[in-house]
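These are my notes from going through a model with its sequence beside me, entry by entry. I began with the charged pairs and left the overall figures for the end.

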Amino acid sequence: MSDLVTGDAVVLELQPARLPSRALAVLIDLVVVWAAYLLVTLGLAVATASLDEAAVMAVSIASFLLILVGAPIAVETLSHGRSLGKLACGLRVVRDDGGPIRFRHALVRGAMGVVEILMTFGVVACVASLVSERGRRLGDVFAGTLVVRERIPAARVLAVPPPPPWLVGRFAGLDLSAVPESLWLEIRQYLTRARELDPAVGRRLAERLADELVARTGTPPPPGVPADAYLAGVVAERQTREARRAFGSAGVTGMPGVAGMPGAAGVSGAVGAVGMPAPGFAPPVAPSPVAPPAAAPVVASPVAGGQQATAPATGFAPPA
């Protein structure tokens, strides 16, 4: 990735196009342009058959400049840096600050392309692209442009394995402000690919990363905690803090028990068990036990044979 700083001091991470993809794009453009040039030349040969030699030469030079030089410049200007070949390969020409190119950029690139590509069969352009750190040819250097990749395959995102349950919340007081992003990236890459490494190599790598983390935080791990478990616990603590910070600044108001608001006591204990901020709502109050209804009074009802049977009173008098 190449860091480009825009006029608004915004850093853009763009991937410069390398020689193979650029060569393929140029080859596609040359095939299209030369095919159009040959067709136009054949048409002009028939149309200028009655003209003298000087007129035929002037028409040939004009057609050469218009088709092989002017057409690519016009296409790059109108398409903002995407010719047919670049569009097929997922490339685009941008300025050094990441903005779209204009006519003057395309003009300089096209004029230098006549020397770099057409007259030297691409040798100068290939050498310049190989020497340049960002794969730029001379036309890009003089025009202040850069060819970048627009279509980048999406990388597979691997989840960081959770720490052991007995380590959750053990690093709540750890100071992580001095740990750089590069070290976090190394730790994350190790944790996501630890199972693919050789056990001995993975253990040494975990110990090295743990030593660097201890040097940045100033707090050693608890006794008896392995290096990989220590790294997983610290990463989980960092994710918990970031999630809590994002959840607290989400603009949610009027909700009791939300982190960072009144009633948030006890939220930090619930946060970290799953790596996400707990809503923090108070648990529902168990309803008070209700006394069972009193037993209905029993009344005697006469039955056949002079026996007495008991039946619950219903409030209605039995028929006579």
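**Entry 1, a buried pair of charges.** I looked up E76 and K86 before anything else, and both of them count as buried. I keep in mind throughout that this is a predicted model. E76 forms a salt bridge with K86, and I noted 3.5 Å between the closest N and O atoms. This pair links distant parts of the chain, since E76 sits in helix α2 and K86 in helix α3 (residues 84–89), ten residues apart. I then followed the charges outward and found that R22, E76, K86, R109 and D140 are linked in a network of salt bridges.

**Entry 2, other salt bridges.** How many salt bridges does the count come to? I recorded 14 salt bridges. One of the others I looked up joins the side chains of R238 and E181, at 3.0 Å from N to O. Here too distant parts of the chain are linked, with R238 in helix α9 (residues 227–248), E181 in helix α7 (residues 181–192), and the two positions 57 residues apart. I checked the cover of E181 and found a relative accessible area of 54%, so it is listed as exposed. I also noted a salt bridge between the side chains of R193 and E196, at 3.6 Å from N to O. R193 is partly exposed at a relative accessible area of 38%, while E196, with 57%, is exposed.

**Entry 3, aromatic rings.** My search of the whole structure gave three aromatic pairs. In one of them, W34 and Y37 meet edge-to-face, with 5.5 Å centre to centre and 85° between the planes. Both residues lie in helix α1 (residues 19–47), three residues apart, which is about one turn of the helix. Is Y37 buried or exposed? Y37 has a relative accessibility of 14% and therefore counts as buried, whereas W34, at 36%, counts as partly exposed. Y37 also pairs edge-to-face with F64, at 6.1 Å centre to centre and 85° between the planes. Because Y37 lies in helix α1 and F64 in helix α2 (residues 53–78), this pair ties together parts that are 27 residues apart in sequence. F64 itself is partly exposed, with a relative accessible area of 27%. I therefore entered W34, Y37 and F64 as one aromatic cluster.

**Entry 4, an enclosed strand.** Why did I write down strand β3 (residues 91–95) as largely enclosed by the rest of the structure? Five of its five residues are buried, so the description follows directly from the count. I looked at the faces separately and found both covered, with L91, V93 and R95 buried on one side and R92 and V94 buried on the other. Strand β3 pairs with strand β4 (residues 145–149) in the antiparallel sense, over five bridges, and V94 stands opposite L146 in β4.

**Entry 5, a nonpolar patch.** On the surface I found a nonpolar patch of about 470 Å², made by F121, V123, V127 and V131. V131 lies in helix α5 (residues 123–131) and counts as exposed, at 68% relative accessibility.

**Entry 6, overall figures.** I closed with the whole protein, which has ten helices and six strands. Buried residues make up 30% of its 320 residues. Of the contacts with a separation of 6 or more, 62% are between residues 24 or more positions apart. The accessible surface comes to about 20200 Å², and 67% of this belongs to carbon and sulfur atoms.

Definitions and conventions: Residues numbered from 1 in each chain as written. Predicted model: local features only at pLDDT ≥ 70, side-chain atom pairs only at ≥ 80, totals over all residues. Heavy atoms only, no water. Buried < 20%, exposed > 50% of the residue type's maximum accessible area, 1.4 Å probe, protein only. Contact = heavy atoms within 4.5 Å. Areas by Shrake-Rupley, 256 points an atom, 1.4 Å probe, with all protein chains shown as cover. Patch = residues over 30% accessible without salt bridge, like charges linked within 9 Å, V, L, I, M, F, W, Y side chains within 5 Å. Salt bridge = Lys/Arg side-chain N within 4 Å of Asp/Glu carboxyl O. Phe/Tyr/Trp six-rings, centres within 6.5 Å; stacked < 30°, edge-to-face > 60°. Pairing = 2+ DSSP bridges.
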